[in-house]
Amino acid sequence: MIRVDIETIIMASGPVPSLIVLRERAAGAGSGAPQRSLSIQTGSFEAAAISRGIDHGQGSRPITHDLFFDTLTKLGVKVERVEVNRVDAPVFYARVVLATSASDGTTSETIVDARPSDALALAVRANAPIYVEDDVMNRAGTLSLRTERESTEDELEQFDQFVQTLSPDDF
């Protein structure tokens, strides 16, 4: 299993799917190996639910992921980790691993199948680690040539230069 973080959420509307980009954590300082990314298509509502969990946004009423996470917490169940464990392109599959502690101090795990969007929405609310199966990353991942040294200003400047080259006919 490969530990990943949510790198970005690209929100879309209408028939265009939103994207959740998961990025492999750095292997070690100075390793020089390029990191891999995994892009998962999802609906706009699902992407918004993940984003809301990252931003810790609380509306006047909880959405389903908030309700489920609060219920798990009140029952003493911990979201241990989330695993993206399978891909049948373009469909990804995930599992939520839940941990329950018994009165004698032992812990048991329960694995629940989930859509990746729901699993990620729970992971961000629980601050749980996210993993991707090696085979999934090898089959569906891409190399990420981005390095930590790149600054936001450089990215914005590159984007600005790109936008300047666009014309209305490009759309």
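In this predicted model, helix H2 (residues 64–74) packs against helix H3 (residues 116–126), with the two axes 10 Å apart and set at an angle of about 55°. H2 and H3 are therefore oblique to each other, and their crossing is right-handed. On the H2 side, the contact is formed by His65, Asp66, Phe68 and Phe69; these residues meet Asp118, Ala121, Leu122, Arg125 and Ala126 of H3. Sorted by character, the residues of this contact comprise five nonpolar, one polar and three charged.

H3 also packs against helix H1 (residues 44–54), here at an angle of about 10° and with the axes 8 Å apart. Because angles under 35 degrees count as roughly parallel, H1 is described as roughly parallel to H3. H1 contributes Glu46, Ala49, Ile50, Arg52, Gly53 and Ile54 to this contact, while H3 supplies Ser117, Leu120, Ala121, Val124 and Arg125. The residues of the H1–H3 contact divide into six nonpolar, two polar and three charged. Readers following the structure may like to look at Ala121 and Arg125, which take part in the contact with H1 and also in the contact with H2.

How does H3 itself sit within the model? Nine of its 11 residues are buried, so H3 is largely enclosed by the rest of the structure. The buried set runs through Pro116, Ser117, Ala119, Leu120, Ala121, Leu122, Ala123, Val124 and Arg125. Just after H3 comes Asn127, whose phi is positive, at about 55°.

Note on methods
Residues numbered from 1 in each chain as written. Predicted model: local features only at pLDDT ≥ 70, side-chain atom pairs only at ≥ 80, totals over all residues. Heavy atoms only, no water. Axes fitted to C-alpha atoms, helices over the stretch in contact; angles between N-to-C directions. Helix = DSSP H or I, 4+ residues; strand = E, 2+ residues; numbered from the N terminus. Parallel < 35°, antiparallel > 145°, perpendicular 65-115°, else oblique. Contact = heavy atoms within 4.5 Å. Nonpolar A, V, L, I, M, F, W, Y, C, P; charged D, E, K, R; others polar. Buried < 20%, exposed > 50% of the residue type's maximum accessible area, 1.4 Å probe, protein only. Left-handed = near helix turned anticlockwise from the far one by under 90°.
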